[in-house]
Amino acid sequence: MITAIAIDDEPLALDIISTFCKKIDFIQLNKTFTETGEALAYLEENPVDLLFLDINMPFLSGIDFYKKVSKNTMVIFTTAYSKYAVEGFNLNAADYLLKPFDFSRFQQAVEKAREYNNYVNAKEKTEQQFLFVRLDYSLVKIVIADILYVEGLDNYIKIHFVNEKPLLIRMSMKAIMEKLPESEFIRVHRSFIIPIAKATSIRNKIIYIKDKEIPVGTNYLETVMSLFKDKS
């Protein structure tokens, strides 16, 4: 499942994207926005796989907006002006939809995004088996499969392992999330990131990993429940 949000200053355009997304079984449109500021604030706490992004936005253009989000986020630009196409593709956009577009063209665009997403996920599984983090004045190698969960503590994170002592590292939750494989880890709370495969159950806003109880934050609940529903 590819999670997405849509940003456009025209409510009608957002309605069209919402309607089209409901017809695609691998796209989950979490939210729509008419203002870039609100969208940026949302993405800080709720990263998604894909943006449907209008280029000609007030205050902050879609091009400049995309430069501010995680480099791992895919984008399908939407606009009524073809002159932006080259700049859009220079940012490695999955596709560029010229308004007005029909469902067939929309479907073609999201298929491109899915193909790229599958490619990245396959590459992560075969290549990214470990990561390096800075601890004091050295780099420490961490085997990704050994991570039990990640806990945020002010300006530090504590990485808990299956059979080893935790590591306390000066790093933000956002920074470690960008290092972890997106298909394998999910942020479930302001202070917790978990490996999806190690979650055994969820009940009353609590995720259970072995004997550990991980709270699910209100802002993350919808995404978490959707993920578990897809895997059930």
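## Worked exercises on strands, rings and odd backbones

Ile207 stands opposite Ile214 in β15. Let's start from that pair and work outwards; keep in mind that this is a predicted model.

**Exercise 1. Work out the order of the strands in the open sheet that holds β15, and say which strands sit at the edges.**

Step 1. Begin with the neighbour: β14 (residues 206–209) pairs with β15 over four bridges, in the antiparallel sense. The facing residues Ile207 and Ile214 belong here.

Step 2. Now add the remaining strand. The sheet is open, has three strands and runs β13-β14-β15, with antiparallel pairing.

Step 3. Look for strands that pair on one side only: β13 (201–203) and β15 (212–215) do, and that makes them the edges.

Step 4. For the twist, take the average from one strand to the next, which is 30°.

Step 5. Finish with the connection. The loop between β13 and β14 contains Lys205, which has a positive phi of about 65° without being a glycine. Its relative accessible area is 45%, so Lys205 is partly exposed.

**Exercise 2. Classify the ring pairs Phe20–Phe106 and Phe101–Phe106: stacked, tilted or edge-to-face?**

Step 1. You need two numbers: a pair of aromatic rings is described by the distance of the centres and the angle of the planes.

Step 2. For Phe20 and Phe106, the centres are 5.3 Å apart and the planes make an angle of 55°. Stacked needs planes under 30 degrees apart and edge-to-face needs over 60, so this pair comes out as tilted.

Step 3. What does the pair tie together? Phe20 is in helix α1 (residues 11–22) and Phe106 in helix α5 (residues 103–127), so the contact links parts that are 86 residues apart in sequence.

Step 4. For Phe101 and Phe106 the centres are 6.3 Å apart, but the planes are at only 15°, so call that pair stacked.

Step 5. Check the surroundings. Phe20 is buried at 11% relative accessibility, and Phe106 is buried at 0%. Phe101 is buried too.

Step 6. Zoom out: one aromatic cluster takes in Phe20, Phe52, Phe101, Phe103 and Phe106. Lys23 lies over the face of one of these rings, that of Phe103, at 5.2 Å from the ring centre. Elsewhere, Lys141 puts its charged end over the ring of Phe130, 4.1 Å from the centre.

**Exercise 3. Decide whether the buried residues of helix α2 share a side or are scattered around it.**

Step 1. List the buried residues of α2 (residues 36–45): Thr36, Ala39, Tyr42 and Leu43.

Step 2. Their arc around the axis is only 120°, so they are on the same side of α2. The spacing rule helps here: an α-helix has 3.6 residues a turn, so residues three or four places apart point the same way.

Step 3. Find what that side packs against. The partners are β1 (2–7), β2 (27–33), β3 (50–54) and α3 (62–68).

Step 4. Follow one partner, β1. Six of its six residues are buried, so β1 is largely enclosed by the rest of the structure. Ile2, Ala4 and Ala6 point one way, while Thr3, Ile5 and Ile7 point the other way.

Step 5. Pair β1 up: β1 and β2 run parallel over six bridges, with Ile2 opposite Ile27.

Step 6. Compare with the residue just outside. Met1 sits in the segment before β1 and is partly exposed, at 48% relative accessible area. Its C-alpha is 9.3 Å from that of Asp49, 48 residues away along the chain.

**Exercise 4. Find what is unusual about the backbone at Lys99–Pro100 and at Phe59.**

Step 1. Check omega between Lys99 and Pro100: about -10°, a cis peptide bond. Pro100 is in the loop between β5 (95–98) and α5.

Step 2. Check phi at Phe59: positive, about 70°, although Phe59 is not a glycine.

Step 3. Place Phe59 and test its exposure. Phe59 is in the loop between β3 and α3. Exposed needs over 50%; Phe59 is at 89%, so Phe59 counts as exposed.

**Exercise 5. Work out how far Glu222 is from Asn30, in sequence and in space.**

Step 1. Locate Glu222: helix α7 (residues 221–231). At 56% relative accessible area, Glu222 is exposed.

Step 2. Along the sequence, Glu222 and Asn30 are 192 residues apart; C-alpha to C-alpha, they are 8.5 Å apart.

Conventions. Residues numbered from 1 in each chain as written. Predicted model: local features only at pLDDT ≥ 70, side-chain atom pairs only at ≥ 80, totals over all residues. Heavy atoms only, no water. Pairing = 2+ DSSP bridges. Helix = DSSP H or I, 4+ residues; strand = E, 2+ residues; numbered from the N terminus. Axes fitted to C-alpha atoms, helices over the stretch in contact; angles between N-to-C directions. Phe/Tyr/Trp six-rings, centres within 6.5 Å; stacked < 30°, edge-to-face > 60°. Buried < 20%, exposed > 50% of the residue type's maximum accessible area, 1.4 Å probe, protein only. Lys NZ or Arg CZ within 6 Å of the ring centre and 35° of its normal. Arc of directions from axis to C-beta. Contact = heavy atoms within 4.5 Å.
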